[in-house]
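Visitor: I would like to learn how to read a few features of a model like this one, with the cut-offs stated as we go. Could you show me the structure and then take me through it?

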Amino acid sequence: MNCQELIRYLSDYIDRSLSDELHAEAQQHLATCHNCHVVLDTTRQTIYLYRQSGRQAIPAEHRAELFARLQQSLAARKDSAS
Ligand SMILES: [Zn+2]
């Protein structure tokens, strides 16, 4: 699984609605990818806040924002690695 796929599955992962196979793949990716781990934490907190305010799901635009943030941090990491 790569970062793009992880983001796609992230909310299902948090809801534990992935298949066992995908769940294991996501877990494996998260164990090795710091960026996605940060995004997971951020998304979890966001979902928690939404649920506290009585809303059930992350709006699509917020998910897009998280994805954009992840891509930015990946691009930054690529730059600093060279
Ligand atoms: Zn990743």
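**Reading a helix, its end and a cavity**

Guide: Arg 16 takes a positive phi of about 55° just after helix 1, where helices are DSSP runs of H or I, at least four residues long and numbered from the N terminus. This is a predicted model, in which local features need pLDDT of at least 70 and side-chain atom pairs count only at pLDDT 80 or more, while totals for chains, interfaces and linings use all residues. Residues are numbered from 1 along each chain as its sequence is written, and side-chain values use heavy atoms, with hydrogens and water left out.

Visitor: Where is the place of Arg 16, and is Arg 16 buried or exposed?

Guide: Arg 16, which is not a glycine despite its positive phi, sits in the loop between helix 1 (3–14) and helix 2 (20–32). Buried means under 20% relative accessible area, exposed over 50% and partly exposed in between, with a 1.4 Å probe and protein chains only. Arg 16 counts as exposed because its relative accessible area is 66%.

Visitor: How should I read the buried residues of helix 1?

Guide: An α-helix has 3.6 residues a turn, so residues three or four places apart point the same way. In helix 1 the buried residues are Cys 3, Leu 6, Ile 7, Leu 10, Ser 11, Tyr 13 and Ile 14. Seen down the axis of helix 1, they fall within an arc of 155°, so they line one face of the helix; the arc is that of the directions from the helix axis to the C-beta atoms.

Visitor: What residues line the largest cavity?

Guide: A cavity is a set of points, on a 1 Å grid over the protein atoms alone, where a 1.4 Å probe fits but cannot get out, and lining residues have an atom within 4 Å of a point. Grid points are joined across faces, edges and corners, and a volume is the space filled by probe spheres set on the points. By this rule there is one cavity of 30 Å³ or more, and the largest cavity holds about 50 Å³. Its lining consists of Ile 7, Leu 10, Ser 11, Val 39, Thr 43, Arg 63 and Leu 66.

Visitor: Which helix gives the most to that lining?

Guide: Helix 1 gives the most, with three residues, while helix 1, helix 3 (34–52) and helix 4 each supply at least two.

Definitions and conventions. 1 Å grid on protein atoms, 1.4 Å probe; cavity = no way out; pocket = protein on both sides within 12 Å on 5 of 7 lines; lining within 4 Å.
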